[in-house]
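Colleague: I'm new to this one and would like a close look at a single part, the place where the two chains meet. Please take me through it slowly, and tell me how far to trust what I see.

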Amino acid sequence: MSGSHEYQAISRRQMVGLLAAAGLAGCTPARILLQAYPEPFKQDDDLNERILGAFADTIVPGAGDPDRNVLRVYRDEFYPFAKYHRYFASDLCRRAGYVCDTEDFDRLPRKERERVIAEALSSDATSRKLYSGAIMLTQVAFYAGIYDDRRGCSDIGFEGEYQFRGLDAFTYPNPERFLATPMTASGHPL
Amino acid sequence: MRTVKTDVLVIGSGFGAFPPALRLAQAGLRVIMVEKGPAVDTQDFRQTQDPKYITRYLKGVSGDHLSFTFAEALGGGSGFYEMVSLRAPTPVFGQTDASGRPLWPLGVNRVGLDPWYDLAEGMLGVEQIRPHEIPHSALVFSLLMKNLGYTCDRIPYAVKNCVGSSFCVTGCIYGAKQSLHKNYLPQALDAGVHIECDLAAMSIRSLRRWKWKNPRAERFEELSHDYSVRCQRQTGDREQVNFKARCVILGGGTVGTAGLLLGSKKHLTHLSPQLGRNIAINGSVKVVGLLGDHLPDGDMFTGRSHPGMMSFDFLDSHGLSISAVKALPLQATVGARLSVDGDPRDHQWWGESNLSLMKQLRHRMLVLLGLGLTPPCGVMTLGPDGHPAVDLEHREILSDYVRTTRGILESIFTRNHCDIVRTEWVDHGGAPHSAPYFSTAHMTGSARMADSWSDGVVSSGGEVFGYPGLYVSDGAAIPSSLAVNTSLTILANAERIAAGILDRYRTPSGRGGDQIAQAH
């Protein structure tokens, strides 16, 4: 992606009004509701995918890999963010433009991408909520493996659906050596 | 609108609802139970972290300082809880409010509840966890307590043949959890209870007027009441059904019952002003630690969701019970931002440093939970759209409580040479909550039992003051924090209230419920 794009500015008051009307402040920057972001992001799915992939990979290294099935969460209509993912991709590029002097967010090195995201998280409340929500969605999709119950997330040792390995697998042998003195005989407090 | 007449209408299908439904049906009454959520059973459960599945059954109401989680499904929370089945300790029943008035009504105490606990435990098949069933996390927790000279108890659960899959909170696909689907539900069906799911109670109307007999003495003229309950299907054609019953029992949980009564205030104009107030939150405080290298691994992803050990050492001194709890990845990412105290790296709650922290979640992180006797301080209201909102009173007291409790939990870690994981609680949009902040599934008391109308919403027998035949038998009636998990107390109290309802309507001939039946 290259070149600059014009963004329609609105007042903070207008924004607050629109947010209140939309009811989901974390995912409804006013500009999105106005469809006021550059045309390429409205039409070019590959562009959005590349930018969001770079974002995902910045939040969790490896999450941008298409095989990890994380990017799906941004388009999943179960989450309000889906309505705004195109705006979000455009906003990453816009911020990259003034933080790093290039709007090619997806071509920036990791540290530079981190700067762009950190800048958004330290800016206005709406941006903070939008970016916090996007980070949370990324982490949920990656760590919790929400699109494949069987796969889980090998990076953190989460195996997804339980793989039964015998009752001994979840306890230690001779458990008595761990046990503190009990206060009660039944386990019920008196 | 279809109209259905019955002797007894039970609203809800959880721990507070099934005992009266079962006992009154066994006594020969026509009992209809309506449940807002979908029918669900073992074969419907999934081992998943998919929020689409989880939010189908688990709902929440959230404010800046307070969040409640509850289930809307057949069996209520019993399908999704952690099976911990503890009796409330004796000090619970001695709690008083700021003016020194007892929170519990006269005669309701541990000794009085013990027979009902016995009955409830028998129904659920409660058993103390055996040493060889205790998962890694709880063994490590017990070791931490042992190292410091504290006691730690193996606690009782409603489970049989547990395989330790750790997915208790998404429903047990093995059928090991002794949820209400395994005991009360089949017995209730056998006794003739008619259950309708996907049917929400919208409002209650008293069909006859009542009057004060002596307002100063808070006595009511007990008239013969009938109630009309308007219900609506939650899916499909949104059919409305009107139930008429002489006895209506509210068992939809602390949020559901308060919401229904608050939404019915224009019809039930003399409800106590305590409705929706004094919600006890059970003082849940969590501290996350990273185990020192000298300690063995825990395991967040196997073993029971609640791993089996609890310490009551701080019960007398601080009103606290302490246990280790676990978090599947969804729980660890949705509600909290984790970072390590003293770690100089930026962006610890995301990026490379967060991944390295998350890699320690399974084996090296341990979560300590304190449950405490916090004062009833939650408030629930209904907005103009009918949706509930919650808020927290007594924030200074609660801030002190959080500080003290965190100090105790952190000291357990630090004196065992473990690091503390900084935890920032966030809402569903990722925004930090205001302090103090409590998140719980143990909320009780939104329509609490009391000795008088001015102090509570229902009598010690669960009957709504001023509305004969209208009962609350669920967590909404429990007037205080318990410092332990609430399910067994709700169930036992519901059994007690059910027995009282039967006694009330029992005729000298001995057939329970004859008085209600005669009204129809």
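Modeller: Let's start with trust: in chain B the mean pLDDT is 92, and 92% of the residues reach 70 or more, pLDDT being the predictor's confidence in each residue, from 0 to 100. You're looking at a predicted model, where local features need pLDDT of at least 70 and side-chain atom pairs count only at pLDDT 80 or more, while totals for chains, interfaces and linings use all residues. As for conventions, residues are numbered from 1 along each chain as its sequence is written, chains are lettered from A and ligands numbered from 1 in the order in which they are written, and side-chain values use heavy atoms, with hydrogens and water left out.

Chain A has a mean pLDDT of 84, with 82% of its residues at 70 or more. The model as a whole scores ipTM 0.90 and pTM 0.92.

Now the meeting place itself. Chain A brings 56 residues to the contact and chain B brings 73, where contact means heavy atoms within 4.5 Å. Between them about 5,200 Å² is buried, and carbon and sulfur atoms give 63% of that; buried area is the accessible area (1.4 Å probe) that two parts lose on being put together, summed over both.

There are also charged links: four salt bridges run between chain A and chain B, each a side-chain nitrogen of Lys or Arg within 4 Å of a carboxyl oxygen of Asp or Glu. One of them joins the side chains of B:K52 and A:D76, at 2.4 Å from N to O. On top of that, 27 residue pairs across the interface are in polar contact, both at pLDDT 80 or more. That term means a pair of N or O atoms within 3.5 Å; within protein, one must be able to donate a hydrogen and the other to accept it, and residues adjacent in sequence count only if both atoms are side-chain atoms.

Which parts of chain A touch chain B? α4 (45-59), α7 (110-121) and α8 (125-143) of chain A each supply at least two residues to that side, with helices (H or I, at least four residues) taken as DSSP runs numbered from the N terminus. α8(A) gives the most, nine residues. By type, this side of chain A has 34 nonpolar, twelve polar and ten charged residues. Here Ala, Val, Leu, Ile, Met, Phe, Trp, Tyr, Cys and Pro count as nonpolar, Asp, Glu, Lys and Arg as charged, and the others, Gly among them, as polar.

Back to trust for a moment. Among the elements of chain A, α4(A) has the highest mean pLDDT, 97, and helix α1 (residues 12-22) the lowest, 36. Residues 1-28 of chain A stay under 50, though the model has 50 contacts beyond four places in sequence for them. Where pLDDT is low, the predicted coordinates should not be read in detail.
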